[in-house]
Amino acid sequence: MASLHSDFVSNAWYAAASSSEVADRPLPCTLLAQRIVLYRSQSGRLAALRDRCAHRFAPLSMGDIQGETIVCPYHGMAYDGTGRCQRVPGQNGAPAGAVVQSFPVLERFGLVFVWMGKAELADPAALVDIDQYAAVAAGGWGLSRGYSLFKANWLNIADNLVDPAHTSFVHQRTIGNTAAEDVAVSASESQGVVTCGRWIEGAAPVPIVKRFVERFSRPGCLVDRWQFYHLKAPATSWVDFGAMDAGLAHTPQEQAAAPYRVLSYAFLTPRDASSTHYFSFQLRNFATRDAAVTAEFEQLYKATFDEDRVLLEAIQREEDRHPGLRPVRIASDAGVARLRRLIGTLQQKESEAAEK
């Protein structure tokens, strides 16, 4: 099993910013303990460069965007989106070494993703597909968004995202209740995706379901609800959560017709060894064009993720105080064990490739 504080997996797409954040000014950010700068040229082309001029190492993020280049604030050296210097004021041409590292970028789902590993391995197909996202514009699904900075190691957060069992205790105000405490969690793995989940049958609706489905708020109402957590290694998560009338068949068709269904996506980006960018959005199948529901959803999910954040940050502090701690595993950790093995394999492959 991978160490609690093991190295990052570099060959992956990592969310770095919302699309709207990358506008008319350079945007600095730290991903996988590396300082980079994002910018959009005047023609609209996205670029990601190491945030360090080749001359005296001034942060390029403190400079300006001019045409298709980003200009260093110190001596005006201008770099294009490939990281090659195109102009040095006061001289003809640029030194051969006037190059800064560039990173592949991809814009999708209203987010900007950066490939932090070997550029030749950057494949847009490696980013998760989300069929429902394409239906948002036509009103087929509602969309809410969020961002948090967790002061916790990314692996501990990933563990949390293949752990449906914790919702019965951590999220009783929103997406959980005690009805699921003793319901076993299944775990499986296929093509780099770990899936953990369960059905809770004939149970009282959780608070968030009662809030948005009127008939489920009636006294004595019982529902069957599902909760399946998926995580594509290393750090892309989606949770399929919904509720239907008790006793209906547990089929994809009934799930698609359920009055309450939410697909919650989270993109984890390690900032450094002890903090993580947490980009998220939720797709919902009800009140899809209602701006008030969108705003309420953003607040509800912020509260839900904050419940996770508080606990995970406390765990991080304890691990920092006692390096080398190893957790005792229980039955509901089956998905965690699968995920750690999967991530450990990715890390080992990168380590071996670096040694060649």
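In this predicted model, the second largest pocket holds about 400 Å³ of space. A total of 18 residues line the second largest pocket, and the ones closest to its centre are N11, L346, K349, E350 and S351. Helix α6, which runs over residues 334–355, supplies the largest share of that lining, with 9 residues. Sorted by chemistry, the lining of the second largest pocket comes out as 7 nonpolar, 7 polar and 4 charged residues. How does anyone find a pocket to begin with? Rolling a probe the size of a water molecule over the atoms shows where empty space is left.

Helix α6 also carries two glutamines that sit side by side in the numbering, so here is a closer look at each. Q347 lies in helix α6, and so does Q348. Is Q347 buried or exposed? Q347 has a relative accessible area of 15%, and because anything under 20% goes down as buried, Q347 is buried. Q348, on the other hand, reaches 42% relative accessibility and counts as partly exposed, because that value falls between the 20% and 50% cut-offs. As background, an α-helix has 3.6 residues a turn, so residues three or four places apart point the same way. Each glutamine can also be placed against a residue from far back in the sequence. Q348 and D7 are 341 residues apart along the chain, yet their C-alpha atoms are separated by 10.0 Å. For Q347 and A33, the gap is 314 residues in sequence and 16 Å in space, going from C-alpha to C-alpha.

A33 has a quirk of its own. Its phi is positive, at about 65°, although A33 is not a glycine. Where does A33 lie? A33 lies in the loop between β2 (27–31) and β3 (34–40). F57 joins in with a positive phi of about 70°, and F57 is not a glycine either. The home of F57 is the loop between β4 (46–50) and β5 (64–66). With 56% relative accessibility, F57 counts as exposed, because the cut-off for that label is over 50%. One more backbone oddity turns up at A233 and P234, which are joined by a cis peptide bond with an omega of about 10°. P234 is found in the loop between β15 (223–232) and β16 (236–245).

Now for helix α5, which covers residues 291–321 and so has 31 residues. From its first C-alpha to its last, α5 reaches 44 Å, close to the 45 Å expected at 1.5 Å a residue. Which residue caps the N-terminal end of α5? That job goes to D290, with a side-chain oxygen 2.9 Å from the backbone nitrogen of A292. Further along, Q316 is found in helix α5 as well. Q316 counts as buried, because its relative accessibility is 2% and the limit is under 20%. The side chain of Q316 also reaches out to the backbone nitrogen of N153, at 2.6 Å.

On to the cysteines. How many disulfides does the structure hold? The count is 0. C53 is in no disulfide, and the nearest cysteine sulfur, that of C72, is 3.8 Å away. Two sulfurs have to be within 2.5 Å to count as a disulfide, so the 3.8 Å between the sulfurs of C53 and C72 doesn't make the cut. In general, a disulfide is a covalent bond between the sulfur atoms of two cysteines. C53 counts as buried, at 1% relative accessibility. C196 is buried too, with a relative accessible area of 1%.

Two other buried residues round things off. V37 is found in strand β3, and V37 is buried, with a relative accessible area of 0%. The C-alpha atoms of V37 and L121 are separated by 21 Å, and the two residues are 84 apart along the chain. A98 has its place in the loop between β8 (85–87) and β9 (102–103). Although A98 sits in a loop, A98 counts as buried, at 5% relative accessibility. From C-alpha to C-alpha, A98 and S43 are 23 Å apart in space, with their positions 55 residues apart in sequence.

Conventions:
Residues are numbered from 1 along each chain as its sequence is written. This is a predicted model: local features need pLDDT of at least 70, side-chain atom pairs count only at pLDDT 80 or more; totals for chains, interfaces and linings use all residues. Side-chain values use heavy atoms; hydrogens and water are left out. Buried means under 20% relative accessible area, exposed over 50%, partly exposed in between (1.4 Å probe, protein chains only). Helices (H or I, at least four residues) and strands (E, at least two) are DSSP runs, numbered from the N terminus. The expected span of a helix is 1.5 Å times one less than its number of residues. A polar contact is a pair of N or O atoms within 3.5 Å; within protein, one must be able to donate a hydrogen and the other to accept it, and residues adjacent in sequence count only if both atoms are side-chain atoms. On a 1 Å grid over the protein atoms alone, a cavity is a set of points where a 1.4 Å probe fits but cannot get out, and a pocket is an open set with protein on both sides within 12 Å along at least five of seven lines; lining residues have an atom within 4 Å of a point. Grid points are joined across faces, edges and corners, and a volume is the space filled by probe spheres set on the points. Ala, Val, Leu, Ile, Met, Phe, Trp, Tyr, Cys and Pro count as nonpolar, Asp, Glu, Lys and Arg as charged, and the others, Gly among them, as polar.
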